Amino acid sequence: MLGLAWKSLGWFLAGVAVALGFLLVPLQVAAERKKLDRTASEIERARRDIRALETEFDTRANLAQLDKWNAETLGLVAPAEGQFVQDEAALASIEPGSAPAPGTPAVQMASFVPAAPVTAMTSQRSPAPQPATAVHPHRETSAR
């Protein structure tokens, strides 16, 4: 009788072990799948970073070409000191359609002006556009 109890207990424990095995295998598979998904997203992020760095490298390696394009076509220049306003209030006081004060140049807002289409077959060069200058209408010099 005592042997039968031990035998039943052994079968019960074996059944519990098999049931736990069946439960733990899917959990381990899910954990491995989650690790795999995380690794795949890290690989994709690394590919995007590599692509961005390659673009940056190609751009920086080609600064002479960019400088040539700027001189021939774009005509971009660094902003001058007079193009900045003192604070947010002065910036907010600039109105796009208002007439400038006498003796001050007009405020010119930035806008996209499409240039003539440039093709590889075109050998004519248009003159370089003049850089736009923006000025503030009223620079207040009151002491704070």
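**Confidence.** I began with the confidence scores: the protein chain averages a pLDDT of 76, and 65% of the residues score at least 70. I noted that this is a predicted model. I then looked up two stretches with weak scores. Over residues 120–124, pLDDT stays under 50, and the model has 0 contacts there beyond four places in sequence. Residues 139–144 also stay under 50, but for these the model has 5 contacts beyond four places in sequence.

**Layout.** I looked up the secondary structure next. The protein chain has 3 helices and 0 strands. Along the sequence I read the pattern as α-α-α.

**Contacts.** I looked at the contacts in the protein chain with a separation of 6 or more. Of these, 78% come from residues 24 or more positions apart.

**Surface.** How much of the chain is buried? I found that buried residues make up 3% of the 144 residues. The accessible surface comes to about 13,000 Å², and carbon and sulfur atoms hold 64% of that surface.

**A nonpolar patch.** I looked up a nonpolar surface patch of about 950 Å². The residues that make it are W6, L9, F12, L13, V16, L20, L23, L24 and L27.

**F12.** I picked F12, one of the patch residues, for a separate entry. I placed F12 in helix α1, which covers residues 2–61. Is F12 buried or exposed? I wrote down exposed, because its relative accessibility is 54% and the cut-off for exposed is over 50%.

Notes:
Residues are numbered from 1 along each chain as its sequence is written. This is a predicted model: local features need pLDDT of at least 70, side-chain atom pairs count only at pLDDT 80 or more; totals for chains, interfaces and linings use all residues. Side-chain values use heavy atoms; hydrogens and water are left out. Patches are made of residues with over 30% relative accessible area and no salt bridge: like charges are joined within 9 Å, nonpolar side chains (Val, Leu, Ile, Met, Phe, Trp, Tyr) within 5 Å. Accessible areas come from the Shrake-Rupley method with a 1.4 Å probe; for residues, only the protein chains shown count as cover. A salt bridge is a side-chain nitrogen of Lys or Arg within 4 Å of a carboxyl oxygen of Asp or Glu. Helices (H or I, at least four residues) and strands (E, at least two) are DSSP runs, numbered from the N terminus. Buried means under 20% relative accessible area, exposed over 50%, partly exposed in between (1.4 Å probe, protein chains only). Contact means heavy atoms within 4.5 Å. pLDDT is the predictor's confidence in each residue, from 0 to 100.
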